[in-house]
Amino acid sequence: VRIATVKTQNKKKQAEFLEQCQPFKISPTMSKMDQIKAEIEAKRQAECPFKPEDPVRAVPPPPTAQVKLNAAAILREDALYKKKQEQEARTIAAYEQELRDASQFERWKAEMAVKDEEARLKEREDRRVENAVRAAEAAKARENRDVEKVREMHEEAEHIKAQLEAERRGGGGGD
């Protein structure tokens, strides 16, 4: 109950405060900023001795020089034009030929797919055989290692037996 009364009191205070506040006013200097900028720019232009004829167009006009074509230039242009025509004719002919002869390409594509599949299967089979050989070699190596460990253990046992035997014969406690 107390929280509700505090909330209502705070809302009343906030409303009274907002009623007392005045809306923001823009400073008169801010609204005259464009006018001030224009005056400053006009003063600067008045001080400048250079006056362009056309201030909007500062880019020089494009050159209007005429180039005379001599016989060599005309022949070069003609050769270039003929070369482009021949290239376009070859392109069109190739396009027409490929449109009619798509069956040969499809046949080649099918053959290559079969060859790729055969190569993939062969590679998989080779990998399988290689893995089997490696597994057999690893098993043999493990077996050889186990046999070697057993042999070493027998040798060590024989050595220990020999030491014990020597100690017994040598008078075991003669210090």
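**Figure 1. Glu165 and Arg169, about one turn apart in helix H5.** Since they sit four residues apart in helix H5, Glu165 and Arg169 are separated by about one helical turn. This is a predicted model, and in it the two side chains pair up in a salt bridge, with the closest N and O atoms 3.4 Å apart. That falls inside the 4 Å cut-off for a salt bridge. How exposed are the two partners, Glu165 and Arg169? Glu165 has a relative accessible area of 35%, so it goes down as partly exposed. Arg169 comes in at 68%, so it counts as exposed; the bar for that label is over 50%.

**Figure 2. Glu125 and Arg128, another salt bridge in helix H5.** Here the spacing is three residues within helix H5, which again puts Glu125 and Arg128 about one helical turn from each other. The closest N and O atoms of the Glu125–Arg128 salt bridge are 2.4 Å apart. Glu125 is partly exposed, with a relative accessible area of 37%.

**Figure 3. The salt-bridge network of Glu148, Arg151 and Glu155.** These three residues are linked in a network of salt bridges. One piece of that network is the contact between the side chains of Glu148 and Arg151, at 2.0 Å from N to O. Both residues belong to helix H5 and lie three residues apart, about one turn of the helix. Neither label here is "buried": Glu148 is partly exposed at 31% relative accessible area, and Arg151 is partly exposed at 39%. How many salt bridges does the count come to? The tally is nine.

**Figure 4. A nonpolar patch around Ile40.** Which residues form this nonpolar patch on the surface? They are Met33, Ile36 and Ile40, and together they have about 240 Å² of accessible area. Ile40 lies in helix H3, which covers residues 33–47. The relative accessibility of Ile40 is 43%, so the residue counts as partly exposed. Residues need over 30% to be considered for a patch, and Ile40 has 43%.

**Figure 5. Helix H1, end to end.** Helix H1 takes in residues 2–20, which is 19 residues. What span should H1 have at 1.5 Å a residue? The expected value is 27 Å, and the end C-alpha atoms are 27 Å apart, so the two agree. H1 is also hardly covered, with a count of zero buried residues among its 19.

**Figure 6. The whole chain, for context.** The chain has five helices and zero strands, so read from the N terminus its elements go α-α-α-α-α. Of its 175 residues, 1% count as buried. The accessible surface comes to about 17,800 Å², and carbon and sulfur atoms account for 58% of that.

**Figure 7. Where to trust the coordinates, and where to go easy.** The average pLDDT of the chain is 83, and 83% of the residues score at least 70. Which elements have the lowest and the highest mean pLDDT? Helix H2 (residues 28–31) has the lowest, at 60, while helix H5 (residues 102–169) has the highest, at 90. Where pLDDT is low, the predicted coordinates should not be read in detail.

Definitions and conventions. Residues are numbered from 1 along each chain as its sequence is written. This is a predicted model: local features need pLDDT of at least 70, side-chain atom pairs count only at pLDDT 80 or more; totals for chains, interfaces and linings use all residues. Side-chain values use heavy atoms; hydrogens and water are left out. Helices (H or I, at least four residues) and strands (E, at least two) are DSSP runs, numbered from the N terminus. Buried means under 20% relative accessible area, exposed over 50%, partly exposed in between (1.4 Å probe, protein chains only). Accessible areas come from the Shrake-Rupley method with a 1.4 Å probe; for residues, only the protein chains shown count as cover. Patches are made of residues with over 30% relative accessible area and no salt bridge: like charges are joined within 9 Å, nonpolar side chains (Val, Leu, Ile, Met, Phe, Trp, Tyr) within 5 Å. The expected span of a helix is 1.5 Å times one less than its number of residues. pLDDT is the predictor's confidence in each residue, from 0 to 100.
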